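This report walks through one protein chain, from its sheet to its helices. Keep the sequence and the coordinates open while reading.

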Amino acid sequence: MFKIKRRNVFIFSLVLVLCFISYLNYAINKYASLETSNDFEKYEENKLAKVSITNENANEIVNEETSNHLNITTNEEAKDIAIVDSNNNQIADIVTETSENIKETMNNNYNTKRTNYFIESRLNMDLEREKMITLLNEMINNDRTDDINRKAASDEKMKLIDIMSKEKIIENLIKAKGFEDALVFITDHSINVIVEAEKLTDSDVAKILDIVIRETKFSADNIKISNKF
């Protein structure tokens with residue numbers, strides 16, 4: 001009987017020891033878990049702080065680069081504006097250069113097929129006029145342009161628009177006389193008329209001349225009429 005009691009005590013003691021060990025392991029693990037959790041939170045906070053600092057630095061770099069780019073662009077635009085800053089001679093130079101480019105293309109294209117000739121010459125003329133209007137607009141809109149030159153640029157632009165309108169009217173009137181196509185180029189001192197026709201009779205020239213003089217008031221001496229076929 002006594003042996004049984006000792007054995008029970010032994011078993012009971014062993015159970016207590018095992019329970020204590022289990023509890024001790026549980027407490028250690030829990031503490032370690034909490035400690036790990038705290039460390040992880042601190043790690044995350046530090047990580048986020050570093051990411052935030054990195055982003056701020058990146059934004060500062062981007063802003064600085066953007067600012068530098070804008071400054072460069074502004075400076076380049078300022079240079080362009082300074083170049084565009086006009087005077088009457090510059091306006092005259094633009095008009096002269098535009099006219100010479102158009103004449104050169106018309107002459108260079110003269111050996112091309114007649115259908116391509118009228119299309120290419122008209123396209124080139126439109127492009128040169130668009131460039132000229134763009135330059136005049138830059139002068140007009142430039143704060144550094146004085147009132148006199150701004151008015152001169154504006155007058156030149158309106159004159160060019162009027163010339164382009166007259167050219168189209170004359171071309172349509174010539175085609176209404178039975179010609180397949182016609183190209184009219186008006187400058188300050190002369191008018192070139194090129195008609196798509198195998199040949200021009202005196203009667204044809206007289207009819208075309210009458211139209212051009214009536215619409216432009218130019219002298220016949222300053223009007224050149226030729227054919228392209």
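Two strands pair if DSSP finds at least two bridges between them. With that in place, I186 stands opposite I191 in β2.

This is a predicted model: local features need pLDDT of at least 70, side-chain atom pairs count only at pLDDT 80 or more, and totals for chains, interfaces and linings use all residues. Residues are numbered from 1 along each chain as its sequence is written, and side-chain values use heavy atoms, with hydrogens and water left out.

**Overall layout**

The protein has 5 helices and 3 strands. Helices (H or I, at least four residues) and strands (E, at least two) are DSSP runs, numbered from the N terminus. Along the sequence the pattern reads α-α-α-α-β-β-α-β. Of the 229 residues, 25% count as buried. Buried means under 20% relative accessible area, exposed over 50%, and partly exposed in between (1.4 Å probe, protein chains only). Contact means heavy atoms within 4.5 Å. Among contacts between residues at least 6 apart in sequence, 65% join residues at least 24 apart.

**The sheet**

The 3 strands form an open sheet in the order β1-β2-β3, and the pairing is mixed. β1 and β3 stand at the edges with a single partner strand each, so one side of each is left without a neighbour in the sheet. Neighbouring strands are turned by 15 degrees against each other on average, direction ignored. Axes are lines fitted to C-alpha atoms, for helices over the stretch in contact, and angles run from 0 to 180 degrees between N-to-C directions.

β1 and β2 form a hairpin with 4 residues between them. They pair in the antiparallel sense over 5 bridges. β2 and β3 pair in the parallel sense over 6 bridges. Some of the facing residues are tabulated here.

| Residue | Stands opposite or bridges to | Strand of the partner |
|---|---|---|
| V184 | V193 | β2 |
| F185 | N192 | β2 |
| I186 | I191 | β2 |
| E196 | K228 | β3 |

Where do the side chains of β1 point? A182, V184 and I186 point one way, L183 and F185 the other way, and all are buried. In a regular strand the side chains alternate between the two faces of the sheet. With 5 of its 5 residues buried, β1 is largely enclosed by the rest of the structure.

β2 is mostly covered too, with 6 of its 6 residues buried. From β2, I191, V193 and V195 point one way, and N192, I194 and E196 the other way.

**Helices against the sheet**

Helix α3 (residues 114–141) lies across β1, β2 and β3. It runs at about 30 degrees to β1. α4 lies across β1 and β2, at about 150 degrees to β1.

α3 has 28 residues and reaches 40 Å from its first C-alpha to its last, close to the 40 Å expected at 1.5 Å a residue. The expected span of a helix is 1.5 Å times one less than its number of residues. The buried residues of α3 include Y117, F118, M125, M132, L136 and I140. Charged names appear in the buried set as well, among them R122, E128 and R129.

**Helix α5**

Helix α5 (residues 202–216) has 15 residues and reaches 21 Å from its first C-alpha to its last, close to the 21 Å expected at 1.5 Å a residue. Which residues of α5 are buried? They are D204, I208, I211, V212 and T216. These cover an arc of only 105 degrees around the axis, which puts them on the same side of α5. The arc is that of the directions from the helix axis to the C-beta atoms. An α-helix has 3.6 residues a turn, so residues three or four places apart point the same way.

The buried residues of α5 pack against α4 (147–175), β1 (182–186), β2 (191–196) and β3 (223–228). K217 follows α5, and its phi is positive, near 65 degrees.

**A residue in α2**

T105 is found in helix α2 (residues 88–108). T105 is buried, with a relative accessible area of 18%. A polar atom of its side chain lies 3.0 Å from the backbone oxygen of N101.

Methods. Polar contact = N/O pair within 3.5 Å; in protein donor to acceptor, adjacent residues only side chain to side chain.
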